[in-house]
Amino acid sequence: MAILEIKDLSRAFGGVKAIDELDMHVESGEIVSVIGPNGAGKTTLFNLITGLLPTDGGEIVLDERNIVGLRPSQILALGIARTFQNVRLFPEMTVRENVMVAQHCRTRAGVIPAILRLNRREEAQIRKKAEETLAFFGSRLIGYRFDQTAISLSYANRRRLEIARAMASDPRIVLLDEPTAGMNPRETQEMTDLIGRLRDERKYTIVVIEHDMRVVKGVSDRVVALDYGKKIADGTYEEVAHNDRVIEAYLGRKAVAEA
């Protein structure tokens, strides 16, 4: 059953269509990879789903509810969390505090009282939940690291922390925007394994933007390929990887003709 449906979705910038009448769906419990060359509209799609950009038309349906027009905080509260292509953390906050912040959409007190520590009991609960979330990452983010500032972490651990922060909001769907960007081969394999665990152990539905096709092959139940904002392929990794339109989008028409 589809938990998320994109229907006839469009968005243009200065007359250039970044997303062009896009239709796609995500089934509950799936890992769907969204691929395509630079400029294909992948991150724009995530920005539309999470309310960071307004749409020009179409619907984004979460559990039969059209969420177009909702604020990002409302979409987060409904169960869609994300990470970003460029890691976005509070650099001077500790590891624990970065994860605690993500829970404010679920608290009665809200962000300001939580920051001012007006509700000590709720703060203690949030603190415990943050530590339980970080425990999923093992020694990478627990123990003495709880009190380390985010800026002091390695790049790979900052990536993990951003995922932990997304997890802390109790999402049903997690959108991962290029989670292995900038990682070495060992770190990339560890992140590939982590994405699988997020679905298998935490039961998240996951949509991932990824350029490394080894990662795509390793994690995906289904792959959706975009080019100039249009869907050009949708299927298993093998089906999409050998699709002529996908090959042309990555290599160019001339390269394909000469192959």
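**Exercise 1.** How many of the eight residues of H1 are buried?

Solution. This is a predicted model, in which local features need pLDDT of at least 70 and side-chain atom pairs count only at pLDDT 80 or more, while totals for chains, interfaces and linings use all residues. Residues are numbered from 1 along each chain as its sequence is written, and side-chain values use heavy atoms, with hydrogens and water left out.

- Step 1. Fix the terms: helices (H or I, at least four residues) and strands (E, at least two) are DSSP runs numbered from the N terminus. Buried means under 20% relative accessible area, exposed over 50%, and partly exposed in between (1.4 Å probe, protein chains only).
- Step 2. Seven of the eight residues of H1 are buried, and the helix is mostly covered.
- Step 3. The buried residues are Lys42, Thr44, Leu45, Phe46, Asn47, Leu48 and Ile49.
- Step 4. After H1 comes Gly51, with a positive phi near 80 degrees.

**Exercise 2.** Find the strands that H1 lies across, and describe their sheet.

Solution.

- Step 1. H1 (residues 42-49) lies across strand E1 (2-13), E2 and E4. Its direction is at about 115 degrees to E1, where axes are lines fitted to C-alpha atoms, for helices over the stretch in contact (heavy atoms within 4.5 Å), and angles run from 0 to 180 degrees between N-to-C directions.
- Step 2. The sheet is open, has four strands in the order E2-E1-E4-E5, and pairs antiparallel; two strands pair if DSSP finds at least two bridges between them.
- Step 3. Strand E2 (16-27) and E5 stand at the edges with a single partner strand each, so one side of each has no neighbour in the sheet.
- Step 4. E4 and E5 run antiparallel and are joined by two bridges. Val61 stands opposite Asn66 in E5.

**Exercise 3.** Examine the salt bridges of Arg172 and Asp177, and state which parts of the chain each one ties together.

Solution.

- Step 1. A salt bridge is a side-chain nitrogen of Lys or Arg within 4 Å of a carboxyl oxygen of Asp or Glu. The structure holds 18 of them.
- Step 2. In the pair Arg172 and Asp63, the closest N and O atoms are 2.1 Å apart. Arg172 is in the loop between helix H6 (155-167) and strand E7 (173-177), and Asp63 in the loop between strand E4 (57-62) and strand E5 (65-66), so the pair ties together parts 109 residues apart in sequence.
- Step 3. Arg172 is partly exposed at 34% relative accessibility, and Asp63 is partly exposed at 38%.
- Step 4. Asp177 meets Arg82 at 3.6 Å, N to O. Asp177 lies in strand E7 and Arg82 in strand E6 (residues 80-82), so this pair ties together parts 95 residues apart in sequence.
- Step 5. Asp177 is buried at 1% relative accessible area, and Arg82 is buried at 11%.

**Exercise 4.** Locate Ser220 and list the partners of its side chain.

Solution.

- Step 1. Ser220 sits in the loop between helix H8 (213-219) and strand E9 (222-227). With 15% relative accessibility, Ser220 is buried.
- Step 2. Its side chain makes a polar contact with the side chain of Ser33 at 2.6 Å. A polar contact is a pair of N or O atoms within 3.5 Å; within protein, one must be able to donate a hydrogen and the other to accept it, and residues adjacent in sequence count only if both atoms are side-chain atoms.
- Step 3. The side chain of Ser220 also reaches the backbone oxygen of Val216 at 2.6 Å.
- Step 4. Apart from neighbours within four places in sequence, Ser220 is in contact with Ile31 and Ser33.
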